[in-house]
Each structure stands twice: as C-alpha cells, then as structure tokens.
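User: I'd like to learn how to read a protein fold from its parts. Could you take me through one, step by step?

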Amino acid sequence: MFKSTATAIAEDVWKVECPLPGHSIGHLNSYVIKDGNTVAVVDLPWSSEEVLTSYTEALASISVNLADIELILLTHYHEDHAGAASWLQKLSSATVYMSIEDLETMNSRYRNNGAVFENALKDWLSVVGADTELSEFAVAQFRELKQYGEELPNAVALTGETDIRIGRNSIRAIPAPGHTAGHFMYLYDEQILFSGDHIFTWGTANATTRPISATLPFSSHAETSTKISKLGARKILPGHGEALDDFRMRVAEFQKQNSVRSAEILEHCSEPKSVWDIAVEGSHGRTWERFSPNSKLSILGETHAHLLELEKEGLIERLDVAPHIWFQTSITKTKEKIKEGIEN
Ligand SMILES: [Zn+2]
C-alpha cells in the first residue's frame with residue numbers, strides 16, 4: 001500500500017508527494033499554502049480512488065480538511081496536475097484557476113468523449129509519421145488517461161499575470177508557456193515559486209511538440225526561463241522531484257543539451273526526412289526498439305519541436321504532406337524532386 005507524504009518546506013508551505021501508480025514519472029508534488037485561515041493548493045494528483053484517499057490522509061496529517069481549501073491553482077491541464085480539480089472543487093467549493101488556453105485544452109479531452117483532442121492527437125501522429133503500433137498506443141493511452149480527470153466547467157480562466165489574494169498575502173499567477181501553451185506558475189509572497197513542469201532537476205523533455213502545444217515550445221520555454229531568473233525567487237518548487245537549488249545552472253545545462261541535439265537534427269536534414277525517420281536514426285545511441293512507447297512519443301515531440309525552431313531560423317524547410325518531410329534549405333532542389341515524385 002502506498003502513501004502520500006506531507007513535508008514542511010517553508011513557514012506555512014508544505015509539499016505533498018503523491019505516488020501515481022502507472023505514471024511514467026511516478027509521483028506528483030502538490031503544494032499546500034496556509035495563510036491565516038485561507039488554504040490554497042497548487043496542483044493536485046490525478047483522480048483515482050486510492051490516490052485521492054492517500055492524498056486526503058496526507059492533508060489531514062497537516063490539519064487540512066478538504067472543505068477548508070479555498071483556492072486551487074493549476075499550472076497546466078495534464079491529468080497528473082489537474083485531474084482531481086473537479087473532485088476537490090465539489091467537496092470544498094474552492095475557486096479554481098487555470099489559463100484560458102489550458103482550460104480549453106483540458107475540457108476538449110472530456111467533452112464529446114474527447115473527440116477534439118483525439119482528432120488533434122491523430123493529426124499530430126500523422127504529421128510526425130508515427131507507425132501504426134505507436135499511434136494505436138498513443139490513442140489508447142489518451143483514452144485511459146481520461147479516466148483520471150474530469151471537465152472543469154467552473155474554473156476562472158487566467159488570461160495574463162494576475163494577483164490572487166490569500167489571507168494577508170497574495171499569490172501572483174504568471175504565464176509560463178513552454179511545457180504547454182497555457183502553462184502558468186505561481187509566486188507566493190514574492191519568494192516561493194511553484195514552477196509546475198517547466199523544468200526538473202533531470203531530463204530535457206519539458207518542451208515538446210504535442211497536440212495543441214505551444215507553437216514554438218523551445219522559444220517559449222527559453223523566454224519563461226529568463227522570466228523566472230528575473231523573479232529572484234528564494235525557492236523554486238517543481239511539480240515533480242526536488243527543489244531547483246541552482247536554477248540558472250540547470251537551465252544552462254538544459255539549453256546546452258538541447259543545442260547539441262538541435263545540431264544533430266540539422267545534420268540529419270541533409271537528406272529529406274520525416275520526424276519519425278530522424279527520431280529513429282538519432283535515437284540517442286540506443287536501438288529505437290528498446291525505448292518504451294512513452295519515451296518514443298517524448299523523443300518524437302522533442303524532435304518535432306527542434307525542427308520547428310530550425311525552420312524559424314530559416315535553416316530547414318518542410319513539405320506539408322503527411323508525414324511532413326524536412327530538409328536543409330540549401331537543398332531546395334531536392335524539394336522540387338520530391339514534389340515531382342509525389343505528383344507522379
Ligand atoms: Zn505536464
């Protein structure tokens with residue numbers, strides 16, 4: 001039997017670490033702020049009975065009853081951060097905040113049986129050239145994930161930087177796109193930043209192209225990193241894993257890994273290729289087959305995001321067929337050749 005645990009991390013702020021069985025990262029950090037008599041939570045685990053039972057127990061261990069919660073602040077729409085928001089809102093009458101973009105995306109996953117989101121997912125899979133096996137996995141995974149979340153009909157849609165009152169203090173909701181198009185972060189008492197899935201102490205897959213994602217995830221992600229550096233928060237608390245003790249160094253490492261990857265991808269485009277071809281051929285020194293389906297989707301999303309940045313820089317072009325075919329701008333002649341091939 002697993003257990004969620006609440007740990008004090010500052011005066012009046014707790015981290016509740018919730019295990020999420022079956023999730024690729026395995027757990028979520030939900031944060032609790034008590035200011036006077038007001039209780040706010042930043043992000044919630046997904047909605048499954050065992051997870052919610054353990055979450056409720058962890059809150060009780062720090063003397064928080066669900067009914068006491070007045071504010072639910074969501075960084076983005078993914079089920080592992082927002083799935084239980086509707087459940088908690090019904091039990092507490094709390095006000096829920098989420099960006100207008102992510103609220104729309106979230107609701108598109110549940111309305112009309114998720115048709116809008118599922119079609120966007122299928123379009124993206126065809127644009128990147130995913131094979132039948134991985135496409136079927138992605139659609140099945142989406143349908144399964146839906147059981148852990150619900151539509152949010154009564155949330156406040158954030159459209160820009162907003163101050164939200166909590167007790168004697170305020171929390172600033174700040175747009176932080178990159179991980180999703182409408183990703184937000186929350187700054188409490190000018191000192192503690194809840195940074196959602198912007199960056200972790202490990203990995204590089206925080207900015208990827210997926211259905212209904214940011215237009216240029218890496219550019220948005222870099223702008224958000226600059227914004228965070230300027231805030232000068234004393235603590236930066238992510239949605240998964242440990243606090244980011246040296247944010248600037250971590251961002252520099254993240255950007256370095258990504259510029260190496262970007263150069264590799266540009267190299268691959270010396271011949272016309274789909275996102276799928278590039279991902280399979282440059283699969284990080286491992287055989288593509290050995291990656292889990294989830295990792296394959298991440299690599300495709302990352303590769304796609306890099307290609308869009310290279311396109312913006314004018315270094316590569318694409319043919320808008322399905323799947324998209326990418327190639328270095330210097331080989332425009334090849335484009336004519338492929339076009340001929342398609343037309344004939
Ligand atoms: Zn996420």
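User: Happy to start with the domains. How far apart do the C-alpha centres of domain 1 and domain 2 lie?

Analyst: In this predicted model, the two C-alpha centres are separated by 33 Å. The domain assignment places residues 5-111 + 146-251 in domain 1 and residues 258-343 in domain 2.

User: How many residues of each domain are in contact with the other?

Analyst: The contact involves 11 residues of domain 1 and 10 residues of domain 2. On the domain 1 side, these split into 5 nonpolar, 5 polar and 1 charged.

User: Now to sheets. In what order do the 7 strands of the open sheet come?

Analyst: A general idea helps here: strands in a sheet pair through backbone hydrogen bonds, in either a parallel or an antiparallel way. In this case the order is β1-β2-β3-β4-β5-β6-β7, and the pairing is mixed. At the edges you find β1 (5-10) and β7 (155-158), each with pairing on one side only. On average, neighbouring strands of the sheet are turned by 25° against each other, direction ignored.

User: Which way do β3 and β4 run, and how many bridges join them?

Analyst: Strands β3 (residues 27-35) and β4 (residues 38-42) are antiparallel, with 5 bridges between them. To follow the register, look at I33, which sits opposite A40 of β4.

User: Which strands does helix α1 touch as it packs on the sheet?

Analyst: Helix α1 (residues 49-61) touches β1, β2 (13-19) and β3, and its direction makes about 155° with that of β2. Helix α4 (residues 100-108) also packs on the sheet, where it touches β6 (95-99) and β7; its direction makes about 100° with that of β6.

User: What do β8 and β9 form?

Analyst: They form a hairpin with 2 residues between the strands, and G167 in the turn has a positive phi of about 55°. Strand β8 (residues 162-166) pairs with β9 (residues 169-175) over 5 antiparallel bridges, and T162 has A173 of β9 as its bridge partner. Strand β9 is also joined to β10 (residues 184-188) by 5 bridges, again antiparallel; there, I174 stands opposite M185.

User: Let's finish with a single residue. Is I278 buried or exposed?

Analyst: I278 is buried, because 26 other C-beta atoms lie within 10 Å, and the cut-off for buried is 20 or more. The residue belongs to helix α9 (residues 275-281). Leaving aside residues up to four places away in sequence, I278 touches I265, H268, K273 and T303. I278 and V128 are 150 residues apart in sequence, yet their C-alpha atoms are 10.0 Å apart in space.

How values were computed: Residues are numbered from 1 along each chain as its sequence is written. This is a predicted model: local features need pLDDT of at least 70, side-chain atom pairs count only at pLDDT 80 or more; totals for chains, interfaces and linings use all residues. Helices (H or I, at least four residues) and strands (E, at least two) are DSSP runs, numbered from the N terminus. A residue is buried if 20 or more other C-beta atoms lie within 10 Å of its own, exposed if 12 or fewer, and partly exposed in between; C-beta atoms are placed from the backbone. Two residues are in contact if their C-beta atoms, placed from the backbone, lie within 7 Å. Domain bounds come from an automatic or database domain assignment. Ala, Val, Leu, Ile, Met, Phe, Trp, Tyr, Cys and Pro count as nonpolar, Asp, Glu, Lys and Arg as charged, and the others, Gly among them, as polar. Two strands pair if DSSP finds at least two bridges between them. Axes are lines fitted to C-alpha atoms, for helices over the stretch in contact, and angles run from 0 to 180 degrees between N-to-C directions.
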